[in-house]
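Dear colleague,

Please find below the structure that I am handing over to you. After it, I set out what was found, in an order that I hope is easy to follow.

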Amino acid sequence: MAGDGYVTNNNTTTTATATATTNPNSNNTKKPKDKKKKKKRGGTKKKMTLEQTLAFKSVNEWVFLDQPNYNTSTTTSAAACVVDDFGVQKTLGRGGDRVVFEFHSHSKFSDGYLSPSKLVERAHNNGVKVLALTDHDTMSGIPEAIETARRFGIKIIPGVEISTMFSPRGPESEEPVHVLAYYSSCGPTRYEELEKFLGDIRDGRYLRAKDMVLKLNKLKLPLKWEHVARIAGKGVAPGRLHVARAMVEAGYVENLKQAFARYLYDGGPAYSKGTEPHAEKAVQLIHETGGLAVLAHPWALKNPVAVIRRLKDAGLDGLEVFRSDGKLAAYSDLADAHGLLKLGGSDFHGRGGHGESELGSVNLPVMILNDFLKVARPVWCSAIKDILQSYAEEPSDLNLLRITRFGRARIFKPSCPLSYGKDLIDHCLSLWLTIEERQSSTDEFEAMRLKLSHVSINQGGGIIVPIETK
């Protein structure tokens with residue numbers, strides 16, 4: 001399954017993303033023939049069109065809106081920025097840096113090799129400005145990622161890659177489908193409902209992994225469950241990749257590729273199905289909890305056209321199209337045909353080696369980034385308003401937790417002391433919404449402030465203390 005870090009189809013196994021391509025603007029001296037090839041691949045630079053310039057300004061504003069020293073007048077002039085032949089940014093953002101988005105990454109909280117902190121640090125070293133942490137069926141790594149990102153000036157998009165099953169005709173034709181969910185900085189609305197949904201999937205992953213170990217044992221490979229659990233780590237629902245790593249460590253196979261090719265591929269001798277929900281249900285829940293739903297690595301599917309058509313009817317927002325080796329034309333055409341956003345990411349796990357793309361290696365055109373934010377920001381703005389409104393209506397510890405779940409230290413920081421609930425509202429809005437988004441809902445936010453004007457906050461424990469007034 002692609003979600004386990006590999007694309008599998010019958011007895012064939014390949015890596016889900018290709019190795020990052022060489023920088024077409026390298027300063028290395030090459031023969032004229034090589035230069036000609038580079039130019040053909042989009043190595044030339046040209047000034048942005050008016051449309052690209054406006055898109056750049058909009059993206060740039062959102063990326064840096066929570067930076068304390070951000071000022072549109074001090075950033076690099078959009079008119080001076082350039083793009084290559086494919087519309088990929090060359091010198092964007094403050095100080096001439098490109099604004100690099102990474103939409104697909106994994107940490108040790110699922111089947112990645114790095115902690116969220118190390119993942120964020122690596123992203124920073126690679127020039128990433130916006131990182132979506134999309135662990136499998138869990139958002140447990142998001143708080144650590146957000147707190148670490150504060151040190152590096154990186155924006156975190158809270159995400160999750162949900163394991164589902166697609167059943168076009170019946171159980172015999174089922175295939176695994178992974179759906180990426182992207183949420184606002186405040187996180188999902190109805191978080192408890194989403195967490196219950198994800199928790200059920202994780203429980204099924206435990207049963208599935210144990211069944212794979214049992215099947216391997218019957219194949220005369222005496223792999224121990226404790227070995228798999230140790231590799232997965234405490235509290236982490238194991239996947240096929242954890243089983244494969246245990247097989248390598250035990251000496252039953254030479255490498256991960258061999259483990260998948262011989263035993264763990266879809267329908268393989270040690271393959272086991274989980275208890276994943278229907279893909280349509282996941283897409284619907286993502287929408288109901290304030291997120292955007294994007295189909296992950298469609299090239300791994302047996303029948304991508306049928307999956308895309310069905311999920312579009314359920315509300316699918318986008319499709320992964322871009323990889324580090326470029327845009328996949330067939331899937332780009334499918335996205336256009338169904339009116340879907342085009343995204344892409346490295347699907348980074350941190351295994352290392354030549355078979356994995358690096359964080360930030362997928363080059364996304366500025367217009368693609370802007371298209372995503374044009375769809376996402378109204379959805380996220382609505383979700384933020386819902387969460388803040390719940391707190392204004394009932395200033396309880398539980399509703400405060402829904403606001404601070406993914407960034408308590410960032411909200412309650414010494415440099416910005418909060419005395420009343422209305423101060424919390426103002427601070428959160430400055431972190432999460434642009435000026436335009438705040439102005440569009442001025443009356444709603446003012447009503448929240450009035451309701452919270454006599455409610456104080458004990459930052460130490462987050463206790464809400466109503467102030468009696470006469």
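**Confidence in the model**

Confidence in the protein chain is lowest in strand 2 (residues 12-15), with a mean pLDDT of 34, and highest in strand 9 (residues 292-295), at 98. Over residues 5-42 the pLDDT is below 50, and this stretch nevertheless has 72 contacts in the model beyond near neighbours in sequence. Please keep in mind that the model is predicted. The pLDDT also stays under 50 over residues 72-76, where the model has ten contacts beyond four places in sequence. For the protein chain as a whole, the average pLDDT is 84, and 80% of the residues score at least 70.

**The chain as a whole**

The protein chain has 17 helices and 14 strands. It consists of 470 residues, of which 56% count as buried. Its accessible surface comes to about 20,600 Å², and carbon and sulfur atoms account for 50% of that area. If one takes the contacts between residues at least 6 apart in sequence, 70% of them join residues at least 24 apart.

**Two pairs of helices**

The first pair to examine is helix 3 (residues 116-125) with helix 4 (residues 142-152), which pack at an angle of about 35° with their axes 8 Å apart. Helix 3 passes helix 4 in a right-handed crossing. On the side of helix 3, the residues that take part are P116, S117, V120, E121 and H124; they meet E144, A145, T148, A149 and F152 of helix 4. Sorted by class, this contact has five nonpolar, three polar and two charged residues.

The other pair is helix 15 (residues 421-432) with helix 17 (residues 442-451). Their axes come within 8 Å and cross at roughly 145°. Helix 15 contributes K422, I425, D426 and L429 to the contact, while helix 17 contributes F445, M448 and R449. Here the classes are four nonpolar, no polar and three charged residues.

**Residues in loops**

Most residues other than glycine have a negative phi. Two residues of this model merit attention in that respect. D137 has a phi near 60°, a positive value in a residue other than glycine. K220 likewise is not a glycine, and its phi is positive at about 70°.

Where do these two residues lie? D137 is in the loop between strand 6 (128-133) and helix 4, and K220 is in the loop between helix 5 (191-218) and helix 6 (225-232). Is each one buried or exposed? D137 counts as buried because its relative accessibility is 0%, a value under the 20% limit for buried residues. K220 is exposed, because its relative accessible area is 72% and the limit for exposed residues is over 50%.

The loop between strand 6 and helix 4 also holds T134. With a relative accessibility of 0%, T134 counts as buried. Which residues does T134 touch, not counting those up to four places away in sequence? They are F103, H104, S105, H106, G159, V160, E161, L180 and Y182. When you view the model, you may wish to begin with this loop, in which both T134 and D137 are found.

Yours sincerely,
A colleague

Notes: Residues are numbered from 1 along each chain as its sequence is written. This is a predicted model: local features need pLDDT of at least 70, side-chain atom pairs count only at pLDDT 80 or more; totals for chains, interfaces and linings use all residues. Side-chain values use heavy atoms; hydrogens and water are left out. Axes are lines fitted to C-alpha atoms, for helices over the stretch in contact, and angles run from 0 to 180 degrees between N-to-C directions. Helices (H or I, at least four residues) and strands (E, at least two) are DSSP runs, numbered from the N terminus. Contact means heavy atoms within 4.5 Å. Ala, Val, Leu, Ile, Met, Phe, Trp, Tyr, Cys and Pro count as nonpolar, Asp, Glu, Lys and Arg as charged, and the others, Gly among them, as polar. A crossing is left-handed if the near helix is turned anticlockwise from the far one by less than a right angle, and right-handed if clockwise. pLDDT is the predictor's confidence in each residue, from 0 to 100. Buried means under 20% relative accessible area, exposed over 50%, partly exposed in between (1.4 Å probe, protein chains only). Accessible areas come from the Shrake-Rupley method with a 1.4 Å probe; for residues, only the protein chains shown count as cover.
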